[in-house]
Amino acid sequence: MGLLLGGLALSNLVEQFDRYLFTVSPIPFIDYSTIEYSILCGPAFSIVYFVGNFVCSISNDYVRADRVTVVALSCAISSMALLCIPFTGSFWELALLRVLMGLAQAPITSFCSSLIKDEYIEQDRGFAFGIFDSATFLGFAISLAIGTLVYDNEGWKIPYFIFGLAGIAYSFV
């Protein structure tokens, strides 16, 4: 069960890292002081993520999919979208990838939470959820620290390549 919890927490960390790398590794053709950036962070990602998460939360109880496979596919698709960001050349291409990331990341929280509920007895669930949720903040912190470090030393494209490939590799483990 510890291996499962570690894997779920790592999935959450990858999700958060992929989400926040966008803020610390600026893309040259996006003016981060305009409405474009607001759209990329807001409706293009967050609204799609919210609706997708809501749908996944409801369907999780009725659809008998292998939840571990769904989480792995979600990580892989989100990381593939992250990997494609350096190949974009316009706002709309980037917006499409952010929508894809929002849709791909939507199942992770509800499916991981469901797995934790099923695999841990009631007295251990608080600990399990605490570990899982802590990965949210660790992913954010690592994104800020390592993402910024790689961006400062290697340029804007390299962090997307490195961390997109790492997320894809992780999803196959």
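## Overall architecture

Among contacts in the chain between residues at least 6 apart in sequence, what percentage join residues at least 24 apart? In this predicted model, the share is 78%.

The chain contains 6 helices and 0 strands, and its elements follow the pattern α-α-α-α-α-α along the sequence. The C-alpha trace spans about 50 × 30 × 25 Å along its principal axes. A compact globule of 173 residues would have a radius of gyration near 16 Å, and the value of 16 Å for the chain therefore agrees with that expectation.

## Burial and exposed surface

Of the 173 residues, 45% count as buried. The area that the chain exposes comes to about 8700 Å². Carbon and sulfur atoms supply 71% of this area.

## A salt bridge within helix H1

Side chains of opposite charge can pair when their charged atoms come close. The model holds a count of 3 salt bridges. One of them joins Arg19 to Glu15, with 2.7 Å between the closest N and O atoms.

Both Arg19 and Glu15 belong to helix H1, which covers residues 2-24. The two positions are 4 residues apart, about one turn of the helix. Arg19 counts as buried because its relative accessibility of 13% is under 20%. Glu15 is likewise buried, with a relative accessible area of 1%.

## The network around Asp118

Asp118 and Arg67 meet through their side chains in a salt bridge with an N to O distance of 2.7 Å. This pair links distant parts of the chain, since Asp118 lies in helix H4 (residues 91-119) and Arg67 lies in helix H3 (residues 67-84), 51 residues apart. Asp118 counts as partly exposed at 41% relative accessibility, whereas Arg67 is buried with a relative accessible area of 19%.

Asp118 also forms a salt bridge with Lys117, the closest N and O atoms being 3.0 Å apart. Salt bridges that share partners thus join Arg67, Lys117 and Asp118 into one network. Lys117 has a relative accessible area of 46% and is therefore partly exposed, as the value lies between 20% and 50%.

## Helix H2: Pro43 and its surroundings

Pro43 is located in helix H2, which covers residues 35-59. Is this proline buried, exposed or partly exposed? Its relative accessible area is 41%, so Pro43 is partly exposed.

Which residues does Pro43 contact once its neighbours within four places in sequence are left aside? They are Ser38 and Val48. Pro43 and Val99 are 56 residues apart in sequence, and their C-alpha atoms are 8.4 Å apart in space.

## A nonpolar surface patch

A nonpolar patch on the surface is formed by Ile47, Phe50, Val51, Phe54, Val55, Ile58, Tyr62 and Val63. Together these residues have about 850 Å² of accessible area.

Ile58, one of the patch residues, lies in helix H2. Ile58 has a relative accessible area of 42% and is partly exposed. This value also satisfies the requirement of over 30% relative accessible area for patch membership, which is why a residue that is partly exposed can belong to the patch.

Definitions and conventions
Residues numbered from 1 in each chain as written. Predicted model: local features only at pLDDT ≥ 70, side-chain atom pairs only at ≥ 80, totals over all residues. Heavy atoms only, no water. Salt bridge = Lys/Arg side-chain N within 4 Å of Asp/Glu carboxyl O. Buried < 20%, exposed > 50% of the residue type's maximum accessible area, 1.4 Å probe, protein only. Contact = heavy atoms within 4.5 Å. Patch = residues over 30% accessible without salt bridge, like charges linked within 9 Å, V, L, I, M, F, W, Y side chains within 5 Å. Areas by Shrake-Rupley, 256 points an atom, 1.4 Å probe, with all protein chains shown as cover. Rg over C-alpha atoms; globule rule 2.2 N^0.38 Å.
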